[in-house]
Every structure is written in C-alpha cells, then in structure tokens.
Amino acid sequence: MYYLPGGLGRYVSGRVVMVGDAAHVTLPTMGQGAATALEDGLCVGLLVGRPVAAGEPLGAALRAFDAERRPRCRAIGRASVLSGRFGAHLGPRWQGLRNRLMRLVPAGSITRGADSVMGWTPPR
C-alpha cells in the first residue's frame, strides 16, 4: 500500500486544482477517500467558483481553497496512519487484544473522537 504522508505541499498549481486522492493520498483505514473528494468538489464551488463568478481574482480564490482544505486533509491523513497502526496492521494476535480494550471505551468517547472527521461543516 502506498500513500503520500502529508499529501501534496500545495493543492493548487497555476490554474490547476488537485482534489481527492490526487491531492491528499491517505491510507484507506479512515474510509474517507470518497468523502474528502466530495468535500473538495463542494469547496471548489464555494471557495473558487462563487468568488470568481462575483468578480474576484482566480488566484486569490485558489489560494483560499488551498488554505481551507490542506489542514483538514492532512489531519485525516495523520489519523489514517494511526488507525492503520492500531487497526488492520496490528496482526491477528494484537487485533484481538485491541478489540477487547475497545469494548471498554465508552461509546460517547468514540463518537466524540470521530466528530472531527465526520462532523465537517462546509465553509461559507
């Protein structure tokens, strides 16, 4: 399995915008590849399309997109590495121990932990 730790340094080059796995290649352990690609598409419309249609310069809109998306996608990428280390990459013996320990964690804690990924709100 290959991934790009941290994703690309920039998601914008000239007039080209990289989205989805092309921009932020992460391990599949978080199950967020398609979700972040859809988020990217929405953000291109909100952060690039809308301002440019209103007369703002394309370069400024592209920089805004890049600044908005990279921190979130990098955080998801880091979380996917951790999830892999403590998930599928542990091996059968350690996965059983991990599963028994996870049963002791209150469901609310797990939900709060997932909220940073699942609770995304589009920019305005």
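**Stop 1: the largest nonpolar core**

Select Tyr-11, Val-12, Ala-23, Cys-43 and Leu-47, then add Val-48, Ala-61, Leu-62, Phe-65 and Cys-73. These 10 residues make up the largest nonpolar core of this predicted model. Now colour the helices. Both α1, residues 33-53, and α2 supply at least two residues of the core. Which helix gives the most? That is α2, with 4 residues.

**Stop 2: Val-12**

Stay in the core and centre on Val-12, one of its members. Show what surrounds this residue. Leaving aside neighbours within four places in sequence, Val-12 is in contact with Val-17, Leu-62, Phe-65 and Asp-66. Leu-62 and Phe-65 belong to the core too. Asp-66 is the next stop.

**Stop 3: Asp-66**

Select Asp-66. You are in helix α2, which runs over residues 58-85. Is Asp-66 buried or exposed? With a relative accessible area of 9%, Asp-66 counts as buried, because the cut-off for buried is under 20%.

Next, display the contacts of Asp-66. Beyond its neighbours within four places in sequence, they are Arg-10, Tyr-11, Val-12 and Pro-71. Tyr-11 and Val-12 take you back to the core of the opening stop. Then pick the C-alpha atoms of Asp-66 and Arg-10. The two residues sit 56 residues apart along the chain, yet these atoms are separated by 6.7 Å.

**Stop 4: the largest pocket**

Leave Asp-66 and turn to the largest pocket. It holds about 410 Å³ of space. To find it, select Met-30, Ser-83, Met-102, Ile-110 and Ala-114. Of the 13 lining residues, these are the closest to the pocket's centre.

Which helices supply at least two residues each of the lining? Colour α2, α3 (92-102) and α4 (107-118) to see them. The largest share comes from α4, with 6 residues. Helix α2 thus appears at both sites: it supplies residues to the core and to the pocket lining.

Finish by colouring the lining by residue class. You should get 8 nonpolar, 4 polar and 1 charged.

Definitions and conventions: Residues numbered from 1 in each chain as written. Predicted model: local features only at pLDDT ≥ 70, side-chain atom pairs only at ≥ 80, totals over all residues. Heavy atoms only, no water. Buried < 20%, exposed > 50% of the residue type's maximum accessible area, 1.4 Å probe, protein only. Contact = heavy atoms within 4.5 Å. Core = buried A, V, L, I, M, F, W, Y, C linked by side-chain atoms within 4.5 Å. 1 Å grid on protein atoms, 1.4 Å probe; cavity = no way out; pocket = protein on both sides within 12 Å on 5 of 7 lines; lining within 4 Å. Points joined across faces, edges and corners; volume = space filled by probe spheres on them. Nonpolar A, V, L, I, M, F, W, Y, C, P; charged D, E, K, R; others polar.
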